[in-house]
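Please look at the sequence and the 3D structure below, and keep both in view while reading this report on strands, sheets and the nonpolar core.

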Amino acid sequence: MQIKIINKSSHDLPHYETIASAGMDLRANITEAITLKPLGRAIIKTGLFIELPMGYEAQVRPRSGLAAKKGITVLNAPGTIDADYRGEVGVILVNVSNEDFIVENGERIAQMVIAKHERAEWISTTKLSETSRGEGGFGSTGVK
């Protein structure tokens, strides 16, 4: 699949790190470092503008290493970039650690996955089909 992209950053285009990677890393495109205090959040710009085809979205997800080692994650994970959005791709980072985290220009801050999606049409009804689970919700299937 080919996707149009404008790169106003000083960094290479996002790319897959391995042949089986699902996501491409997004890099911070900032003029000066940004300090995220504990529980602090900020929108970090990437300098990228994309044109997705209809029926696709770009999902912005945390990088597992940043989350596990530093407590840095994407606040609205996964963030969705719709096919009709033409603005700059931004990443809402949040620091859930107890220490300051400094975001530097060029740092890999998140990953982006391109995903196909469907559009739903609601059909009003008065009854849904029965299942063995029924209305069992949060935690109803147990933990083991």
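A nonpolar core is a set of buried Ala, Val, Leu, Ile, Met, Phe, Trp, Tyr and Cys residues joined through side-chain atoms within 4.5 Å, where buried means under 20% relative accessible area, exposed over 50% and partly exposed in between, with a 1.4 Å probe and protein chains only. The model is predicted, so that local features need pLDDT of at least 70 and side-chain atom pairs count only at pLDDT 80 or more, while totals for chains, interfaces and linings use all residues. Residues are numbered from 1 along each chain as its sequence is written, and side-chain values use heavy atoms, with hydrogens and water left out.

The largest nonpolar core has 24 residues, and those with the most contacts inside it are Ile44, Ile81, Val91, Leu93, Val103 and Ile109. Two or more residues each come from β4, β5 (48-51), β6, β7 (72-74), β9, β10 (101-103) and β11, and β11 gives the most, with three residues. These strands are DSSP runs of E, at least two residues long, numbered from the N terminus. Contact means heavy atoms within 4.5 Å, and Val103 touches, among others beyond four places away in sequence, Ile44, Leu93 and Ile109. In soluble globular proteins, nonpolar side chains tend to be buried together.

Two strands pair if DSSP finds at least two bridges between them. One open sheet has three strands in the order β4-β9-β7, with antiparallel pairing, and its edge strands, β4 and β7, each pair on one side only. Another open sheet, of four strands, has the order β2-β11-β6-β8, also with antiparallel pairing. Here β2 (24-27) and β8 (79-81) stand at the edges with a single partner strand each, so one side of each is left without a neighbour in the sheet.

The table lists antiparallel strand pairs.

| Strand pair | Bridges | A residue and its partner |
|---|---|---|
| β4 and β9 | five bridges | Lys45 and Gly90 |
| β6 and β11 | six bridges | Val60 and Met112 |
| β7 and β9 | three bridges | Thr73 and Val94 |

How do the side chains alternate along strand β4 (residues 41-45)? Ala42 and Ile44 point to one face and are buried, whereas Arg41, Ile43 and Lys45 point to the other and are not.

Finally, Lys8 lies over the face of Phe49, at 4.9 Å from the ring centre; a charge sits over a ring if NZ of Lys or CZ of Arg is within 6 Å of the ring centre and within 35 degrees of the ring normal.
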